[in-house]
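Subject: Structure handover

Hello,

Here is the structure I said I would pass on. Please look at it before reading the notes underneath.

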Amino acid sequence: MSATIISGTEIAQAIRHETQARIDALKTQHNFVPGLATVLVGDDPASHAYVGMKNKTAKEMGIYSRQITLGADTPEEELLGIVAGLNADPQIHGILVQLPLPKQIDEGKILLAIDPAKDVDGFHPINVGKLATGETEVLAPCTPAGVIEMLLRTGNDPAGKHCVVVGRSNIVGRPMASLLLRKGRGGNATVTVCHSRTRDLGAVTRLADILIVAIGIPEFIRGDMIRPGAVVIDVGVNRVDDPTREKGYRLVGDVAFEEAKEVASAITPVPGGVGPMTITMLMSNTVDAAVRLAGIRE
Ligand code: NDP
């Protein structure tokens, strides 16, 4: 039997409508506009594309958006000064410094300099710590927060389930595990985290009621590594050569989709799965941050 396809595009759309309604109400009832600043350093084309999409979405939704673009040779001190200015700017409620940063800039130092209350990426150590200690009122990283929404909105509440997360990055795997583990909405799961040193990965992934994969290797998780009936969330986005496509490549996930969909009960596609959720959750985090900073009760 073929799995149900979990459409991130549709779920993201639904969340955007909800966030849009919040933004509209803030404007009409409080004459208040949430503000997002994105900072882009250097000329990495992928980073330019991501930041461009984030700003476009913010503008479309009526969020005040400011993009600061800096040269690849920007000194660390200059970036720290810009972050300090944004921290103090009352029009700005969310600050996102696009990663990776050029070599001369210490990423950790920059993340630490962002006001945790404006840290809409959820990467500041204070927010990481809050999430890890189970706080629910915290700005959580957008991609794993999006995965939780996808599970909840498709009737796959993680509570009580065995969730296996493959990958332990600070951006996806670790915050994913923290979200699944905390007491509260979208949490209360039994969580196992796997990584490149996990022995007999398939033996562990086959135990999962919900399998979440974020490793960055095309189609690494095969059908026989999935428990029949499991829910599979594929975070991976990988380019593989495909001369039949105009661009010469296509996008695939970390899961071998065609095999996996014959075993799983539900699965996310790539593209159109987790991808669309990330920017949507960034908008939602920006509104959350703005409302808290302004002390508005919605
Ligand atoms: P990282 O490279 O930072 O982390 C990869 C993780 O996978 C590491 O923990 C690594 O283990 C683990 N890993 C690597 N090889 C294996 C293996 N053979 N078996 C088990 N675990 C393994 O990647 P990210 O977390 O940043 O991204 C993962 C994927 O998700 C990428 O494809 C990325 O493009 C995608 N992504 C998608 C997003 C979206 O919006 N949809 C957003 C962010 C990422 P170890 O720690 O031991 O090295």
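The notes below go through the domains, the two sheets, the cores and the cysteines.

Please keep in mind that this is a predicted model.

Domains

The protein is divided into domain 1, covering 30-115, and domain 2, covering 140-277. Taken over C-alpha atoms, the centres of domain 1 and domain 2 are 28 Å apart.

The sheet of three strands

One open sheet has 3 strands in the order E3-E2-E4, and its pairing is parallel. Strand E3 (64-70) and strand E4 (94-97) are the edges; each has a single partner strand, so one side of each has no neighbour in the sheet. On average, and with direction ignored, neighbouring strands of this sheet are turned by 15° against each other.

Strand E2 (residues 35-41) is joined to E3 by 7 bridges, and the two run parallel. Leu-36 has Ser-65 in E3 as its bridge partner.

Two helices lie across this sheet. Helix H2 (residues 45-60) crosses E2, E3 and E4 and runs at about 160° to E3. Helix H3 (residues 76-88) also lies across E2, E3 and E4, and its angle to E3 is about 170°.

The sheet of six strands

Another open sheet has 6 strands, ordered E1-E11-E8-E7-E5-E6, again with parallel pairing. Its edge strands are E1 and strand E6 (190-194), each of which pairs on one side only.

Going through some of the pairs, E5 and E6 are parallel and share 5 bridges. Here Val-166 stands opposite Cys-194 in E6. E5 also pairs with E7 in the parallel sense, over 4 bridges, and Cys-163 has Ile-210 in E7 as its bridge partner. E7 is in turn joined to E8 by 4 bridges, and these strands run parallel. In that pair, Ile-212 has Ile-233 in E8 as its bridge partner.

Is E7 covered on one face or on both faces? Both faces are covered: Ile-210 and Ile-212 lie on one side, Leu-211 and Val-213 on the other, and all of them are buried.

At the edge strand E1 (residues 4-5) we find Ile-5. Ile-5 is partly exposed, with a relative accessible area of 42%. Leaving out residues up to four places away in sequence, Ile-5 touches Phe-257, Ile-267 and Pro-269. Of these contacts, Pro-269 is 264 residues away from Ile-5 in sequence, yet the two are 6.9 Å apart in space, C-alpha to C-alpha.

The nonpolar cores

The largest nonpolar core has 48 residues, and those with the most contacts inside it are Val-147, Leu-180, Ile-212, Ile-233, Val-235 and Met-283. Elements that each supply at least two residues of this core include helix H1 (8-30), helix H6 (142-152), strand E5 (162-166), helix H7 (173-181), strand E7 (210-213), strand E8 (231-234) and helix H10 (275-294). H10 gives the most, with 9 residues. This core draws at least three residues from each of domain 1 and domain 2.

Met-283 deserves a separate entry. Setting aside its neighbours within four places in sequence, Met-283 is in contact with Thr-19, Leu-36, Lys-54, Thr-57, Ala-58, Met-61 and Ile-63. Leu-36 in this list is the residue whose bridge partner in E3 is Ser-65.

There is also a second, separate core of 20 residues, and among them are Val-97, Ile-105, Ile-110 and Leu-111.

The cysteines

How many disulfides does a search of the whole structure find? The search finds 0 disulfides.

For Cys-194, the distance is the reason: the closest cysteine sulfur, in Cys-163, is 12 Å from the sulfur of Cys-194, too far for a bond. A pair would count as a disulfide with the sulfur atoms within 2.5 Å. Cys-194 is also buried, at 1% relative accessibility. Cys-142 is another buried cysteine, with a relative accessible area of 6%.

In brief, the points to look at on screen are the E3-E2-E4 sheet, the sheet of 6 strands, and the core of 48 residues that draws on both domain 1 and domain 2.

Regards

Note on methods
Residues numbered from 1 in each chain as written. Predicted model: local features only at pLDDT ≥ 70, side-chain atom pairs only at ≥ 80, totals over all residues. Heavy atoms only, no water. Core = buried A, V, L, I, M, F, W, Y, C linked by side-chain atoms within 4.5 Å. Buried < 20%, exposed > 50% of the residue type's maximum accessible area, 1.4 Å probe, protein only. Domains from an automatic or database assignment. Contact = heavy atoms within 4.5 Å. Pairing = 2+ DSSP bridges. Axes fitted to C-alpha atoms, helices over the stretch in contact; angles between N-to-C directions.
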